[in-house]
Amino acid sequence: MDNQTFEKKMRELEYFHSLRLLPGAHTIIRADGRSFSKFTSSSFDKPFDLKFHELMVETAKALLSELDGIYAYTESDEISVLFPPDWDLFDRSLEKLVSISASIASATFTRAAQTAVNFDSRICSAANKSQVVDYFLWRQADAARCALNGWSYWMLRKNGETGENAAVILEKQSVAFKNELLFQNGINFNELPAWQRRGTGLYWEKYDKPGYNPIERKEVVAVRRRLKVDEELPVKEEYKEFIYQFLNLGD
């Protein structure tokens, strides 16, 4: 068998290599920390740790910047990054985008934390703007649910309950029950930091940068862009409109 034929035969075994993102679809990549419950068990405060939050924000910045996204959202140990329909990085290769996004997240977090961690990635293809909005509403609702559950669970643990008993007490309990549990222990859930309850958004903003033109010998202003970290995200209908602004860029 000649080399060319042999290589073609081997290449055919790379079955998923030919998969491409759906043409014309908005793409969302979600990176999730692998086994982060175990990783955070002894190194970070519960239920939320500011240092961990900052590490996730730095990781989201790297994904948004290096992959040229238009919006990123992070809550807990996950990051979702939105890309426009005409995004063509790596020729829209699903295999490459999944592996490289996970690699960027893992390397960024590991370097910042000085502790080795791993992320996995998955891709969501949204056929229209409404599906994109629904996706981010879903993730923000998950952030609120996890925040309330986390605060309730660790309040019970602080009060002497075992992990097993705390889980049993909270099983199938209402939102009102959990809010009251926290309130009776001096915590108003609605007054906790917004990033804990709503997640954090990252996006590009334009700004004017003063400068000087030596040829014309005059002051000038150049328009630049920078990453904004938004820890006061709106909710519900306002969040829908907030997401739509990124989808309407260039329209």
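Analyst: Two strands are taken as paired if DSSP finds at least two bridges between them, while helices (H or I, at least four residues) and strands (E, at least two) are DSSP runs numbered from the N terminus. The model is predicted, with local features needing pLDDT of at least 70 and side-chain atom pairs counting only at pLDDT 80 or more, whereas totals for chains, interfaces and linings use all residues. Residues are numbered from 1 along each chain as its sequence is written, and side-chain values use heavy atoms, with hydrogens and water left out.

User: How many helices and strands does the protein chain have, and in what order do the strands form the open sheet?

Analyst: The protein chain has 9 helices and 6 strands. The 6 strands form one open sheet with antiparallel pairing, in which β4 (119-126) and β6 (218-230) are the edge strands, each pairing on one side only. From one strand to the next the twist averages 20 degrees, and the order across the sheet is β4-β1-β3-β2-β5-β6.

User: Which residue of β3 is the bridge partner of I29?

Analyst: Strands β1 and β3 pair in the antiparallel sense over 6 bridges. Strand β3 (residues 78-83) is also joined by 5 bridges to the antiparallel strand β2 (residues 71-75), where Y71 is the bridge partner of L82. On the β1 side, the β3 residue bridged to I29 is V81.

User: Which residue in the turn of the β2 and β3 hairpin has a positive phi?

Analyst: Strands β2 and β3 form a hairpin with 2 residues between them. One residue in that turn has a phi of about 55 degrees, and this residue is S76.

User: How many of the 6 residues of β3 are buried?

Analyst: Buried means under 20% relative accessible area, exposed means over 50%, and partly exposed lies in between, with a 1.4 Å probe and protein chains only. From β3, E78, S80 and L82 point one way and I79, V81 and F83 the other way, and all are buried. The strand is therefore largely enclosed by the rest of the structure, the buried count being 6 of the 6.

User: At what angle does helix α3 run to β5, and at what angle does helix α4 run to β4?

Analyst: Axes here are lines fitted to C-alpha atoms, for helices over the stretch in contact (heavy atoms within 4.5 Å), and angles run from 0 to 180 degrees between N-to-C directions. Helix α3 (residues 50-66) packs on the sheet and touches β1 (26-33), β2, β3, β4, β5 (200-213) and β6, while helix α4 (residues 94-113) lies across β1 and β4. The angle of α3 with β5 is about 65 degrees, and that of α4 with β4 is about 135 degrees.

User: Which element supplies the largest share of the largest nonpolar core?

Analyst: A nonpolar core is a set of buried Ala, Val, Leu, Ile, Met, Phe, Trp, Tyr and Cys residues joined through side-chain atoms within 4.5 Å. Of the 27 residues in the largest one, F36, L63, F109 and F119 touch the most other members. At least two residues come from each of β1, α2 (36-40), α3, β3 and α4, and the largest share, 8 residues, comes from α3.

User: How many residues are in the second, separate core?

Analyst: The second core is separate, and its members include I70, A143, Y203 and I243. Its size in residues is 18.

User: Is L64 buried or exposed?

Analyst: L64 is found in helix α3, and, leaving aside neighbours within four places in sequence, it is in contact with G69, I70, Y71, A72, V81, L202, Y203, W204 and L227. The C-alpha atoms of L64 and S101, 37 residues apart along the chain, are separated by 9.9 Å. Because the relative accessibility of L64 is 0%, L64 counts as buried.

User: What is the relative accessible area of H26?

Analyst: H26 has its place in strand β1. Leaving aside neighbours within four places in sequence, its contacts include L82, F83, C124, S125, V132 and L247. H26 is buried, its relative accessible area being 7%.

User: What share of the 251 residues counts as buried?

Analyst: Along its principal axes the C-alpha trace of the protein chain spans about 70 × 70 × 40 Å. Residues 24 or more positions apart account for 68% of the contacts with a separation of 6 or more. Of the 251 residues, the buried share is 38%.
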